[in-house]
Structures are given as structure tokens and as C-alpha cells.
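Hello,

Here is the structure I promised to pass on to you. Have a look at it first, and then read on for what turned up in it.

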There are 6 protein chains.
Amino acid sequence: MFFHRQELQHQATPERPDAVYARKLQEVLGGQYGEITVAMQYGFQSWNIHLPGKYRDLLYGIGAEEFGHVEMLATMIAQLLEKAPLGITDEAVQNDPTVAAVIGGTDLQHAIVAGAGARPVDSMGNPWSAGYITASGNLLADFTANANAEMQGRLQVARLYHMTDDHGVRDLLAFLLARDTMHQNQWLAAAQELRDEGLEGLPVPDNFPLGKEDRDVSYQYINFSNGQHASEGRWASGPTPDGKGEFSYVAEPPAGVPMPPPTHPDARLYGTTDVPNVVEKMAGRAQDALGRE
Amino acid sequence: MFFHRQELQHQATPERPDAVYARKLQEVLGGQYGEITVAMQYGFQSWNIHLPGKYRDLLYGIGAEEFGHVEMLATMIAQLLEKAPLGITDEAVQNDPTVAAVIGGTDLQHAIVAGAGARPVDSMGNPWSAGYITASGNLLADFTANANAEMQGRLQVARLYHMTDDHGVRDLLAFLLARDTMHQNQWLAAAQELRDEGLEGLPVPDNFPLGKEDRDVSYQYINFSNGQHASEGRWASGPTPDGKGEFSYVAEPPAGVPMPPPTHPDARLYGTTDVPNVVEKMAGRAQDALGRE
Amino acid sequence: MFFHRQELQHQATPERPDAVYARKLQEVLGGQYGEITVAMQYGFQSWNIHLPGKYRDLLYGIGAEEFGHVEMLATMIAQLLEKAPLGITDEAVQNDPTVAAVIGGTDLQHAIVAGAGARPVDSMGNPWSAGYITASGNLLADFTANANAEMQGRLQVARLYHMTDDHGVRDLLAFLLARDTMHQNQWLAAAQELRDEGLEGLPVPDNFPLGKEDRDVSYQYINFSNGQHASEGRWASGPTPDGKGEFSYVAEPPAGVPMPPPTHPDARLYGTTDVPNVVEKMAGRAQDALGRE
Amino acid sequence: MFFHRQELQHQATPERPDAVYARKLQEVLGGQYGEITVAMQYGFQSWNIHLPGKYRDLLYGIGAEEFGHVEMLATMIAQLLEKAPLGITDEAVQNDPTVAAVIGGTDLQHAIVAGAGARPVDSMGNPWSAGYITASGNLLADFTANANAEMQGRLQVARLYHMTDDHGVRDLLAFLLARDTMHQNQWLAAAQELRDEGLEGLPVPDNFPLGKEDRDVSYQYINFSNGQHASEGRWASGPTPDGKGEFSYVAEPPAGVPMPPPTHPDARLYGTTDVPNVVEKMAGRAQDALGRE
Amino acid sequence: MFFHRQELQHQATPERPDAVYARKLQEVLGGQYGEITVAMQYGFQSWNIHLPGKYRDLLYGIGAEEFGHVEMLATMIAQLLEKAPLGITDEAVQNDPTVAAVIGGTDLQHAIVAGAGARPVDSMGNPWSAGYITASGNLLADFTANANAEMQGRLQVARLYHMTDDHGVRDLLAFLLARDTMHQNQWLAAAQELRDEGLEGLPVPDNFPLGKEDRDVSYQYINFSNGQHASEGRWASGPTPDGKGEFSYVAEPPAGVPMPPPTHPDARLYGTTDVPNVVEKMAGRAQDALGRE
Amino acid sequence: MFFHRQELQHQATPERPDAVYARKLQEVLGGQYGEITVAMQYGFQSWNIHLPGKYRDLLYGIGAEEFGHVEMLATMIAQLLEKAPLGITDEAVQNDPTVAAVIGGTDLQHAIVAGAGARPVDSMGNPWSAGYITASGNLLADFTANANAEMQGRLQVARLYHMTDDHGVRDLLAFLLARDTMHQNQWLAAAQELRDEGLEGLPVPDNFPLGKEDRDVSYQYINFSNGQHASEGRWASGPTPDGKGEFSYVAEPPAGVPMPPPTHPDARLYGTTDVPNVVEKMAGRAQDALGRE
């Protein structure tokens, strides 16, 4: 169960409205790595989890916080939009390019659809899609996904920080940056703990029988481009992070195998095929000529 | 520039057609973590990269391999579809539930749209979307995204392995599992190398001035659910992975701040507001009564 | 702020697993009118609202409940999936059509992507999209949207009730049906209260100056099909629900106005136009012949 | 069958081109509540209807009108785009910010893709999606959906009215406002008629046996937030709109039920589980060490 | 303006319901090349056209027919669904795999969402998207798009013909096949007429000054794969269809040009760059140590 | 297999950065008819093809080139973005409308998400979707689709040519224009060769038995609008392009057939039906009153 309290975790009030910036801020609300994504991602991971205890509590404990971040950003955006101009006619543009420029930079649906309210979209107006989230049931994979989400999210907030000088907005972003710092650290620590406790290991999933894998190519860097500098990286020699092999570097892919011959599915799918089929076609046409089915 | 050679990196021929399994295999071709995703993801990361040398060569070197994996899976799927049944009428279902069951399990567009060919979709028929890929310009974030993609991908292939006993299919999956093993290891090694060389560090982005962040909450686990076991994890005490702080555990969120008052945007957006607005409305209605604009 | 408690509002445990039904239940979790939709819809309406007091509290008060419904359905689905079969090879289909039939009816991503977990999708596998939600800032319009959402939702739950005889599932659905009953009634009552208090009226938005509207056609039913029975409805005569007019019935649309002439945009957009343009083209071709830009 | 006549229902010619406004107008052509939505929605409702007579004629009669509205808006947009500037280089921006501002506010695909033509998209460029429409087969639910669509649509047109001072555009909007006034009234009247005639009632669907519903919570307002003002609304006490109960107000949700234990699906899905599973993993690893499958 | 007549262009009644086939038929109603696509495509082409007369009348004349085809298919699908089973519990599957198989093959939203009605989706349940249609303003390009749409459409109908033996369904498909025959022929004829009349020519757009094009590679087949048979086609030698050149065959791509050096955008975007940047980072960290902004 | 070489097919460096133009150029990278579309389209056609030899080599031979075009455009866009401004606050807009105008015209995700990198989206920010591509297995249909794709693509590049005066950009566009010229010609030649060799013919698919088609309407132009000029086109009289019939012109559609009666699916789907159903409802309500299931 979720409960709501009519407070915000941190102050979320701009010094002044700024409809152009409101649009930019949508990215970290409704974008691929916005707050809706992490809130829903941690939610589905918690509802699908297969073990009780600290990992489940971790997912529950952070999931609700993220819904609160959604709320803070939406509240901030609504205030940034409070003086959003309605728009402008072509004639007016001639007289005041500034206003026209502002309109050009806004999310038009903020005004037309939401009446100066926040929208569940990214900075280019794409609606949030559940196709963004990850919940596989394998916690080592999912905590890595979570670490990535927090990294991408903090990166975007850091960029947005430099796109405004509004102290109210920056104050909120400073708070979100700190929480993203925590959450990056947290998921990396949790991934490590899974490995330390032997619950999961590398490569994910580590309990798939390695004997079934084609071990010859499990630790080869095979170079499909013509630069050779990748041979200098630690992914090209030395022990592998999973502790089960040694990296090697293959400068050119070995010869492949011949392609299988083209398929010949049911003729009633009317794919284009080669000569024998032409014979059939002529038969078909003859049949047509005779007016029969 | 890309060049094509009419060979496959590994054999990709099933023992026998299986239209139901062909649909399942679509997931690792055109799904969120399928081969199209990693091919395009490494491509965009390489085209946008800001430094020459081993990291760039790494991205180029693996990107083209992944396009080849797309090709192997598409080729395999086309062969699995070679005997795809055209479908069945209701009456026939009465007589042969087996055929009906097969139809029910297939991707119908394999037959109707592609004429027994592979499709750029996932196992539920959703077309591949570029919204799946990640390329931020920050390599530590992106290599973490790549590690996650390879983990999710290997997990899915491992699951698919148990959904068939076709030796030809399993032979290809064994190869893909091994390459995913390599690529998981590779991206983790590359992420570590970025840190070792001082090019990037934690938290991402590590060169955002920490003084601007709200440091009070940078390492606090704040518990928004009522389970207490998360306090037992390494994310709740001890040094943080970024080496810059100590985790602490906050059992209950501190009191928040009051919400800002509701916004009052331009009245011509016709949002619902409180009493004073009613006065205006009445004025508006009076105006209407007088027939004026 | 949102807080989570590790309890469910109502019991959500099936008598037995049923992977086929799990897929059906996805519709009311992640479909157009599923619980994610109403949770997010009430959330955005509350964050964007322009007045304090009972309407705002109403939106806050129900929004968090709906996130709890998302959780109950996800939990139920995960349990329905607990014995989800991994799939089956073509050969096995020959021997046991029952298992094949089950596979055909499942959401394949439940197994391949989520490892027997709930997914943020509808019953056909489409990911939930924020394009489903409505939050306009005008409460009379939005409460009507909410009433509709609860009607469609209850209708779907009622249909799903008859698609299972599992007592555990039906027990949860009986609870959800009752809550949808409440919420339908609630939004209709709230819409009426807005009108009674003079905050909003019909037609939405009721404070747009009616004098600016083309009043001649404001209450005409204009019949664009050739059936005449629509003249028998209360929408064809008598007073209008907004209390501002009388319905009338127009059996055939009056003559229209001529279409404007075709547009002629900048020739460098290379749209196809008529003769004069051909002249220019010939000039262009002559220019080409002369090798000039 | 549909027939086309080369006339417009109302004049649709702007005084002058305005490419920025053309983009805004796309919202009511191809947006969530644009004319394509209502045209297709009434179409599918009419094709799926289960009873002959006035309700069917109503749907047919209005559906074709809405396709004509699509045509009027597309025609208007094409004219607004007639002088759309092709764009501008960076250098030019330095000299004439006005032109740059105009470009920034346009739908770039109007020029690049459509050659100064209307597009089937909303004001932010999202293509129209059939995921917007509603046709459930239950007319009371669907007429409520229709009333909402007309309310949202009229609201957006009213907002757009204030974003231009072009008399030609405003003349068309005044006509559309009037038709939306009619259609709001019409659907509300039709919904009432369904109830008066006993064809449908509240709650939708009203012929689901109420005895199967969990009646204890059918009329309770349960407050999941900490504001108490919702108790003042008519949804918190008194008779319910469906005439079957009395509202009550529950200030705090009652205690919930414990969550079910985590699920344990097939181990070959490689989800993370607890200790016993670790034993198996070790067995698996031992097996690996022995090189067996 | 569009007008509706309560008749169908051709009979559209199946001999018997078949919910599985109903789903398949959705492909040609709401798929990429279904009837909604061509109806909307011809509509937008007609509304955006830049010249009066026969081409415009052609687009108007066929567009309305296609909306009627949408109606015929929706009507047919609703009838095929008339006996759609509600579904089945897991236990029942054990007893009657036939029913389970049918359920597995249906569009679940047909029952749950539409109450046994047609849906605006394809055979895999993807909602129709306006991203499918084409209307560029250049008629030669667009008529080619139209010819393709009619070819793909007829191909799909031909495949669907063999997936049923219901005489009512086949009767409708026979009619649609014939209309697609006409429309293929029609668009090819119209494309030819545009060229004969000099309104458009090849390459599209033919009035872009060829002098601005890089003519050296305008007629070269450059082979990026290692098969050599493409040299045998008429695209590898002889006169080109546009009448302006001679095809040539280039067996291997000539050497390319070096890639440009990596970009170095604003450091505040926190992209990963090389050594000099590390110096700045250290400065940043020193600044952090001093606690300054 | 695909191989990468660190060169570009043609130079792709602008004279100077231009973030606004970078966004426009996204259309031909990630739009409906951008380079990703043709690369993936030719790829899937080649992997699904049913015959060996020159047509397969043609598809392989051009597919890899198109992936190289994706790379050239991405590289160009990254350079155009090198000096992308971070954005601007509201106050600054007052002082420098030029900068604001630039921001308004950019793809905001270029900065916030990609850190000044290319994105897999179109000019309005819609992510590339695999729903754009076509691969049916019928080569005559698919080569027509390919010809259309190259026409639309060249048209868009031609438009973009006039939206910049940067010589570096124009130099790349001149190259792409030439390649599109080749590819248009190539696909038209290949389509003709298929017909000349008797592999495919018109109408597609030409081996569907014409006797099963409703031949009465196979060559009729049926006019569903009220303009009569379409009778003047070559699609209205004379021999048809498929060589199998004569066009005729039908000035008005013949009378249609009556619509089938409304459907009556399972009552438990709760669709609205007519009077008899009301009786059942009353029975249901009576049952409710008695408290029974």
C-alpha cells in the first residue's frame, strides 16, 4: 500500500516562471531516465522479487521515494509555467522576437493540453513509455540496470543545472544530484553484496551451466573494425572480471561459415522464388485462362 | 564504412522448423535487449565519442559484430518459419487442436506480413524502438548501460535455451551465450579502466563540482517503506563505492516542507480555480448576455 | 511524498497458478484503462491543480490508493505465473497439445523478459504509454475523464471475472469491482458539485465567451448519415443539458462552402504543381544543361 | 459507405499564413483529443454496436461529420503553411532573430516531410495513435468517453482561440467551438436517455450481479493522503448517484493484509532466490568443474 | 465533407464466427498496410495537394472508398467475434485443449476491451499509428508510395485468403483483391501520366538542379558485399530509367576519407574526453576540497 | 557478417557548428524515410529472401552502404552540435533573443540526453521505429517500397539542401542526392527485371489465381467524390499496366448491400443491447435483491 502526505521531501519553488526551462526539466520527469522510470522500475522489481529480506526492503524503501521525486518535479514545472505566454501571431513576431523565441522553446502541450501543467513526457514531447523499464527477476542484472539509470539521471540533472541560474530550481537540482549520488553508490554496493553473498555472480546468470556455453569464444575480443588500439585495454588481456578466464585479442574475425540456402516456405505466401516456381505460375495462369479455381 | 561478407560468424541452422519457437527468438533479435539494440547502441556511442584511441576502437570493434548477430538471428528465424502453417479455420480446430495450438503460439505477422520471414519486433510483436538505446557521451555511464544490456541479453538467451531441444538452435544459443559472457566482462573491465585512468569516476559525472550538491543527503539511505531489513545491507553503513563518504541509514524520512500554493496561470487557459474566478465568470456571462465580445 | 507499507489493501493470492489468465489480467494493470493509468492520471491532476481544498484532497486521497492497486495486481500476476511452463518444442506439441495451447495463450515476455514476473503492459503486450492519461487543468472535463476511466475499468474487470473460476482471483476482482463502483459514483458526484458551486459549468469551458462562438450551430444535430432514427432521441429536441439552448434536428447537412484553391508553397519544397511550374522546371533543366548552379 | 463532396462544412481560410500557428493547430487535428480521434472513435463504436435504431444512427450521423472536420483543419493548416520559411543558417540568425524564432516554433516536418502540408500528428510532432480511442461495446461507458472527448476538445480549441488574432482562423474555431458545444450536450443527453430507458445504469456495467461484488467498500471514500477536506464533498456522504447506496468517509485506510511470500518459479528462469538456491548453484558450478552437462 | 450511407459496398458476412480468424483479419484493417492506412494516406495527400483537376479528383475519389473498406472489415470482424469464447481456466485446459488453443489464438482485447468488437490494431495488437502514412506533396513519390501500399495490401489479403475456408469471408476478400488490383494499376498509371505530362520526372524531385548533385556517383552500383552476381542485373549497366545516364558497376567501394577528429563540446555536458580534461577535473576536485562553488 | 573500416564514404564535416540545422538533419538519419530505415529495410529483405543470385547480392550490396550513410550523418550531426549552447534563462532572453531563438530551434535531447551527440530520432524527436520498414518476401512489392523510400529520401535531402548555406553540409548532401538518384533508378530497374524475367508480375502477387478474384470490379475506377475530372486520366480508360484488362470509369458507386444486423455476443461481455436484454437485467437485479449469486 502507498500513502501520500501533503508535503514535499525538499523545497521545489522557482524564483520566477520560465516556460522554456519547464520544457527542459520534463526530461528528468518523463524521459527515458526520468523519475517516472526509476519509480516504476523499482516498483516492478519489488513486486516480482523472489526472496524476502534486505534486498526486497531496499527496493520497497527507495521506490516510494522516487514517486515523491516525480511529484516534486511536476510541482516545480507547474510553477515554472505559471506565466507561460499563450503564444503570438505572426505579426507580433515582427515586433517582438523575444516573445516568439520563448514560444518556440516551449512545450506547446503545456499550454494547449495541460493548461500550464506538467506533462508525462520528455523534453521533446514523447509520452513516457513502459518500454523504458527493466525488471528481469535476476537481481545482479537489475541492480546494474538501476546503477546505470541513476548515472544517466544524475548526468542529465548536472547538465540541466547549467541551463538555468534560477536559485530555486538549482536548489532542487542540488538535492536531486545528491540523491542520485546516493542511489548510484547504493546499487553498486548492492550488486557487490549479491556477489559477496554468493547469491549471484558473473557472468549473469552465473548458474547457467557453463558447460553448455561455447567456451572457445567466451573471453575473446574479436575486432570487427580496422583500428588496433582496443588491444591496449584491459579487456584484451589478463584475467576477466568474472574470475573464470583470461581475455585474449583476435585482431581479425576468423572465417565464417557459409550462409544456409534461401528458404522456400509455402507457395501460398507468394514470396518471390526462382525458376521452378515460374513453372507453377504459368500453370496458375493457364488455370486462370481456363476460368477455373 | 561498413562492409558485408556473405558468411555467418557461426552456424545458424535449426534441425527442423518450429514457428512457435521462431516467435520466441524474436525477443533477442528485436526486443528491448535484443541484438538490434546493442548494435545500434554501440554504433551511436562510437559516432558521438569525444576521444580517439582504445575506447573508440572498442566501440567500433564490437558494433559491427553485433550487426552480424542480428543477421544470424534473422537467418535462423527465417528457417524456423520455413514450414509455418498458414492457419486454420474454426472447424479444423475441432478436429486437430495441435495445429490450432501452434497457430496460437506464432507471430501472425511472420506469415501475413513477412511471408515466413524474420521481423524487426520482439516476441510480443512490438516493433523495435530507438527509445531502447543509450548514448550519453559519458563513457562510464554508457559502459554501465552496456554491461546491463549484455547481462539482460545473456539472461534471456539462457532462458530461451531451455525452451527448445533443437540442437541447431541450441548450438547458436551456446555461441551467443559465450559472446555475451565476453561482452559482460569486457564492459565491466572497460568501466574499471576508465576509473583507473582517471578519465571518469563515481559518482557519474564525477567532475560536477560536489560543492554544488546538497551533500547532507548524498550518502543517506532514507527508508520510505516499513521494512527494516535494508539496514543490514552494505548500502546502509560503511564506506561508499565512490570513496567519498560513509553510508548512513535513516529509518524514517524526516518531515518534509509544505507544498507551494496552487498556481494561477492565465485565465484564458480555462483551468478551474477558486472563488474570485467565479466572479470573473459571472462577469463573462453577463458580457455574453449583452452580446458583446 | 509517498510512503509504502508492506501490506496489501486486500488479499491477492490465487488458488493456483494460471499463466494464461495472468496475461489477461495484464489488461487492467497496464492497459489503456488499467490501474497504472488511473494512478498516474490522478497524480498529474493533483500536481497541476489550481485550487486548494476538497477537490485537491480528493485527488491526493485516491491517487495513492490506485498505486496500491497496481501493486496488488502485479503481486497477483507474479503468483499466477509461478508455475509458468518454459515452453515446448515442436515435437512435444505433437504429443501434448494442451501444453502447447497454454504456451500460445501466455505473454511470452512474462517468461523470457521478466522471469515469471508481472510486466507494465496490456494483455496484448503493448507497453503502457503516458499517452493514455488526461490532465487538462479544467476539473469538470477531467472528472468526466475520470468517470469514464472508472467505467471502462469496471467493465473490463467484470469481463475478466467470467474468464476464471479461481476463487482467489475472483475475490480480488470482487474487491476491485466495488472500488470502481465507488470511484464512478465519486467522480460523477464531484462533477456535479463543481457545477452546483458554480466553479465550472457546461459547455466546458463555460467561461469562454459564448458571444465568440458560432451560436447558430451550437445545438443542431446535423445528420451526416442516411438513417433518420436519431431524430427520436432527446439530443434532437427539447432543452439542452447545459440549460442554454434547445436541440434541433437537421436531417441533411446544408450546402457547404467551396474549397479554397490549392496552395503554392516555396518551389524549393518540390511539391507537384501545375503548368507554370513546368515552365520553371524547363528553365531549371536548361540551367542544368548549361552546367550552372 | 462514405461519400465525399468537394465542399467544406464551414469556411477554412486564414487571413495570412502563420507557420508557427499551423503547428499549434495540429493539436486539435492529430492530438489525443483531436478530430481524428473523435472521427475514428465514433466510427468504431458504430461498427461494433449491438442494437439498431436511434443510438446507432446517432453514431453514424456524427461520425462522418467529424471526418469533415479533419478535412477542414488539414485544409486550414496547409494554407497557414503556404509561406513557411525554409529555415535559416546560423549566420543569418545573428542578423535576424525574428526569422530564427519563427523556425524554432514550427513543426519541422511540415517543411521537410510534407512540403508545407498538414501532418497526422499533434503539436509536439507525435503521430496520431489508435491507442487514443475508446469503443467498449457498453454505450453508457462509451458515451461518457465521448462527452469527455468533446469537453477536452472544446477546451483546447478555446485555448487556441486566444493564441491567434487571425480572423479567418478564429472564424473556423468559432464554428468548431459551437459544434463541440452541441456534441458535449448530445452525449450527455444520450447517456441520460440510456439510463431513462433502462438500457444501461450505474455503476457501469449495471447488470453485473452486485451480489458478486465486495459491497462493504462499494461506497466508501478511503483517504490515502493526509488532507481532510475531501470529507466535505458530496462524494463523502449522502446518497450515491447510482441510487443504490450511501457514501461514507473513511479518514484512514484500515489495516491491510500481509503480503504473500515471494514466488519461486522454475529455476531455469535464473531469477535470484535465497539460500537453498545457492546450494544448487554450487552443485551447478561443481558440475561445470567436472565438464559435464 | 464526408457523408455516410448505411450500406456496404460489398457483402461482409461470414458463414460462421471464428475468433481466431478475426484476429488475423485485423492486419488488413489496422496494420501498416491496412485499410486505415490507405484511407488516411489518400486523405492527407488530397488535403495537401497543390494543383486542381484530375489528380486531386483521383485522390478524393478513392479516399472515401477506402473509409468504406475500413467499415466493411470492422463489420466482418465484429461478426466473426460473435461467439468468441470468454476464456478458460487452467483446469479446463486439461480437459479441452481445443478451447484453450482457440483462446491462445485470439486477440484478447477483442473480448476484454471491445466486448467482441473490432479494434484499430494489427494482428499482433499494435495500435494503428499515423507514422505509417506518406504525404510529401510530390505526387510522383506519393503515387509510388500508393502503388506499394496497394501491392503490400493485396499480398496480405491473398495470404489471408488461404487461411480460411469460410465462403463469406472469402467472398469479401475476393472483392478486396479486385479493388487492390485496380488500385495498383491506377497508381502506376497515374505515376506514368505525371511523367508523360512533364509534371514530374525521375529522379524525384526532378527539378532539383542536377548541377548541384555529385554526378560522379549518380549511376554507380557500388558493391559493399562480397557477392558478384549483382553485376548481372540491368541496374549494373545500360541506360538508367530516368533517361539521364548509364549504369556502371563498381566491384569494390573506393577508399574512403579519414574520419573527422572527435568533437569537444562544452565541458559542462560532462562527456568523457582525454587527458587535458583530466587536469580540469583535478582542478574541479581541488575546488571541491576548498568548499567553493 | 559486417565489418567496419574507420573511414567515411564521403567527407562529412561542416564549415561551422549549427545546432538548429543539426536537428533538421535528424530527419534523414532517424525519420520515417531516413538512412536507418533503408539500411534496416534492405537488411531484412536480404535475410528473408527466397532465391539466390543477383537479387540477393543486390540487397546485400546496398544494405551495408546504407549503414555507412547512417554513420556519415551521425558524424556530421555531432560536429554541427559541437558548439551547441547549453540554454538560457528567462532573463537572458530579454537581452538576447537570438540565443533564445537558437535554443527554441534545437533538439533539446541533443544536449540533455546525448551531450552534444546525434540521436536515433527524427527532426521532431520521435524515436526511430521498426514499424517504418517493409520486407514482405515478394520482391516486386518490396522493390516498389524501396523505390518509394529512395524518392521520399531524396526529396527530403533536396529540401534540406536549401535550408543551409554551409558548404560542408551541402557537399555531403550533394553526395547523398546522387546516391539516392542511383538507388531510385536501381530499384525501378530491378522491379522491371523481375517482370521481364517472369519472376513476378502485376498485379502483385501475380500468381494468386485471378479466377478467385471478383473480376467485375478489377479495373473500375469508382468515384466516391463529386469531382469528375478523374475521368480524364489514363487510369479511367484504356489498357491497364498489368496488361490484363481495360480501365473503366464509374461516375457514381452502385447501390450497396444492406448492413448485416447488429451482433449479439455473450451477455457476460456487458455490451449494450436492446429490450430483451433489459428483461434479463431486471432478473439480475431481482437476483441481487435476493442476495444470491
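Let me start with one residue: Glu35(A) counts as buried, because 23 C-beta neighbours lie inside 10 Å of it and 20 are enough for that label. Please keep in mind that this is a predicted model. Glu35(A) sits in helix H2 of chain A, which covers residues 35-48. Setting aside residues up to four places away in sequence, Glu35(A) touches Val28(A), Leu29(A), Glu66(A), His69(A), Val70(A) and Leu73(A).

Why begin there? An unreviewed UniProt entry lists Glu35(A), His69(A), Glu150(A) and His183(A) under "binding site". These four span 149 residues in sequence, yet no two of their C-alpha atoms are more than 13.1 Å apart, so they gather at one spot.

His183(A), another residue in that UniProt list, belongs to helix H8 of chain A, residues 167-196. His183(A) is buried too, as 25 other C-beta atoms lie within 10 Å. Beyond its neighbours within four places in sequence, His183(A) is in contact with Ile62(A) and Glu150(A).

Stepping back to the whole chain, chain A is divided into domain 1 (19-196) and domain 2 (210-250). The centres of these two domains, taken over C-alpha atoms, are 37 Å apart.

In chain C, helix H8 (residues 167-196) is worth a look. Its 30 residues should span 44 Å at 1.5 Å a residue, and the end C-alpha atoms are 43 Å apart, which agrees. H8(C) is mostly covered, with 21 of its 30 residues buried. Just after H8(C) comes Gly198(C), with a positive phi of about 75°.

Now for the contacts between chains. Where chains A and D meet, 44 residues come from chain A and 48 residues from chain D. On the chain A side, H5(A) gives the most, with 6 residues. That side divides into 23 nonpolar, 16 polar and 5 charged residues.

Chains E and F also touch, with 106 residues of chain E in contact with 106 residues of chain F. H8(E) provides the largest share of the chain E side, 16 residues. By type, the chain E side has 50 nonpolar, 37 polar and 19 charged residues. These two chains are also linked by strands: E6(E) runs antiparallel to strand E2 (residues 7-8) of chain F, and 2 bridges join them. Within that pairing, Pro258(E) stands opposite Glu7(F).

Happy exploring, and best wishes!

Definitions and conventions
Residues are numbered from 1 along each chain as its sequence is written. Chains are lettered from A and ligands numbered from 1 in the order in which they are written. This is a predicted model: local features need pLDDT of at least 70, side-chain atom pairs count only at pLDDT 80 or more; totals for chains, interfaces and linings use all residues. Domain bounds come from an automatic or database domain assignment. Helices (H or I, at least four residues) and strands (E, at least two) are DSSP runs, numbered from the N terminus. The expected span of a helix is 1.5 Å times one less than its number of residues. A residue is buried if 20 or more other C-beta atoms lie within 10 Å of its own, exposed if 12 or fewer, and partly exposed in between; C-beta atoms are placed from the backbone. Two residues are in contact if their C-beta atoms, placed from the backbone, lie within 7 Å. Ala, Val, Leu, Ile, Met, Phe, Trp, Tyr, Cys and Pro count as nonpolar, Asp, Glu, Lys and Arg as charged, and the others, Gly among them, as polar. Two strands pair if DSSP finds at least two bridges between them. UniProt positions are given in the numbering used here, feature names are shortened, and annotations may be inferred rather than shown by experiment.
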